[in-house]
Amino acid sequence: MLSSEQGAALSPPEQAATVLQPERLNPWFSAVCDGRPRLRLCCLPYAGGTGAVFKDWPAALPPGIQLLTAHLPGRGDRFAEPPPRTLEETAEHLCAALPPADVPTVLLGHSMGALLAYETALRLQEESRAPDLLVATGARPPHQHPGDTAAPDEAELAATLRRERPWDDALLDDDLMEAVLPTLIADIEAGDRYHRPEPTELTCPLKVYIGADDDGTDWPTALGWRRCTGDTFEIAVLPGDHYFIETARTDVVRRLSSDLTPWVT
């Protein structure tokens with residue numbers, strides 16, 4: 001099983017019924033919205049991931065939710081840029097690139113992206129524009145030590161990705177795998193270096209989603225996130241393993257839509 005900071009750069013080949021065209025806001029974010037924006041949902045992918053993880057979400061979310069997807073260095077049209085060495089450095093850039101808080105803002109991240117979302121939320125809070133909600137999915141809490149980790153072996157990592165992501169035919173392409181591995185490994189190492197001995201409390205609610213069969217992020221691990229907020233806290237268990245954000249996409253978006261209802265009704 002890959003660690004909670006590991007993932008691939010590609011998404012399952014599912015197609016949305018309606019395609020909404022995103023607008024590039026700046027080097028770090030694209031935005032798409034069905035209707036007038038009433039809520040901004042900023043989504044951060046797992047290690048090695050791109051905005052394609054969330055490509056089908058806009059058509060399934062309630063109208064009025066502006067979906068922001070992150071463009072991180074080392075992938076997509078930023079492929080030639082080296083990934084930042086730390087999550088803290090990336091969070092600084094994301095915080096600076098986010099639009100003004102003219103509508104309620106929700107941050108969501110999966111695995112490494114959840115830790116990145118937490119760090120970004122802290123910076124927004126320091127600037128008196130705290131998010132209205134943080135949704136952390138499939139991740140250890142920031143104060144849980146990642147443990148002793150060794151640099152990933154490329155051959156073993158490639159084999160693990162192919163075994164655990166059988167739907168992703170693109171991972172069978174040796175040239176593509178060779179191209180994405182350096183960014184994936186850089187993300188994994190940044191996630192493994194990340195640790196806050198004592199978490200700083202957010203002032204916003206915090207919801208944690210976990211996969212029922214994800215042995216890397218079980219219920220006791222998810223409970224650790226409770227220390228990261230002084231506001232309300234909730235855990236939701238969804239079908240699937242660590243990649244439930246992809247394999248149980250319908251369940252994830254349905255649950256998320258319900259959690260965002262107070263801002264769009």
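**Cores, a surface patch and one buried arginine**

The largest nonpolar core here has 49 residues, and within this core Phe29 and Trp225 make the most contacts. The biggest contribution comes from helix H3, residues 112–126, which supplies nine residues. Bear in mind that this is a predicted model.

A second core, separate from that one, has 26 residues, among them Leu39, Cys43, Leu256 and Val264. As background, nonpolar side chains in soluble globular proteins tend to be buried together.

Back to Phe29. Which residues does Phe29 touch, leaving aside those up to four places away in sequence? There are Glu23 and Arg24, then Cys42, then the run Leu68, Thr69, Ala70 and His71, and finally Leu94, Ala97 and Leu98.

Now the surface. Trp219, Leu223 and Val237 make a nonpolar patch of about 290 Å². Trp219 sits in helix H6, residues 219–223. Is Trp219 buried or exposed? Neither: its relative accessible area is 43%, so Trp219 counts as partly exposed, because that class lies between the 20% and 50% cut-offs.

Last, Arg140. This residue is in the loop that runs between strand E6, 133–137, and helix H4, 154–164. Its relative accessible area is 3%, and since buried means under 20%, Arg140 is buried. What lies by its side chain? The backbone oxygen of Gln144 is 2.8 Å from a polar atom of the Arg140 side chain. For the backbone oxygen of Tyr194, the distance to a polar atom of that side chain is 2.7 Å.

That is what I have on the two cores, the patch and Arg140.

Note on methods: Residues are numbered from 1 along each chain as its sequence is written. This is a predicted model: local features need pLDDT of at least 70, side-chain atom pairs count only at pLDDT 80 or more; totals for chains, interfaces and linings use all residues. Side-chain values use heavy atoms; hydrogens and water are left out. A nonpolar core is a set of buried Ala, Val, Leu, Ile, Met, Phe, Trp, Tyr and Cys residues joined through side-chain atoms within 4.5 Å. Buried means under 20% relative accessible area, exposed over 50%, partly exposed in between (1.4 Å probe, protein chains only). Helices (H or I, at least four residues) and strands (E, at least two) are DSSP runs, numbered from the N terminus. Contact means heavy atoms within 4.5 Å. Patches are made of residues with over 30% relative accessible area and no salt bridge: like charges are joined within 9 Å, nonpolar side chains (Val, Leu, Ile, Met, Phe, Trp, Tyr) within 5 Å. Accessible areas come from the Shrake-Rupley method with a 1.4 Å probe; for residues, only the protein chains shown count as cover. A salt bridge is a side-chain nitrogen of Lys or Arg within 4 Å of a carboxyl oxygen of Asp or Glu. A polar contact is a pair of N or O atoms within 3.5 Å; within protein, one must be able to donate a hydrogen and the other to accept it, and residues adjacent in sequence count only if both atoms are side-chain atoms.
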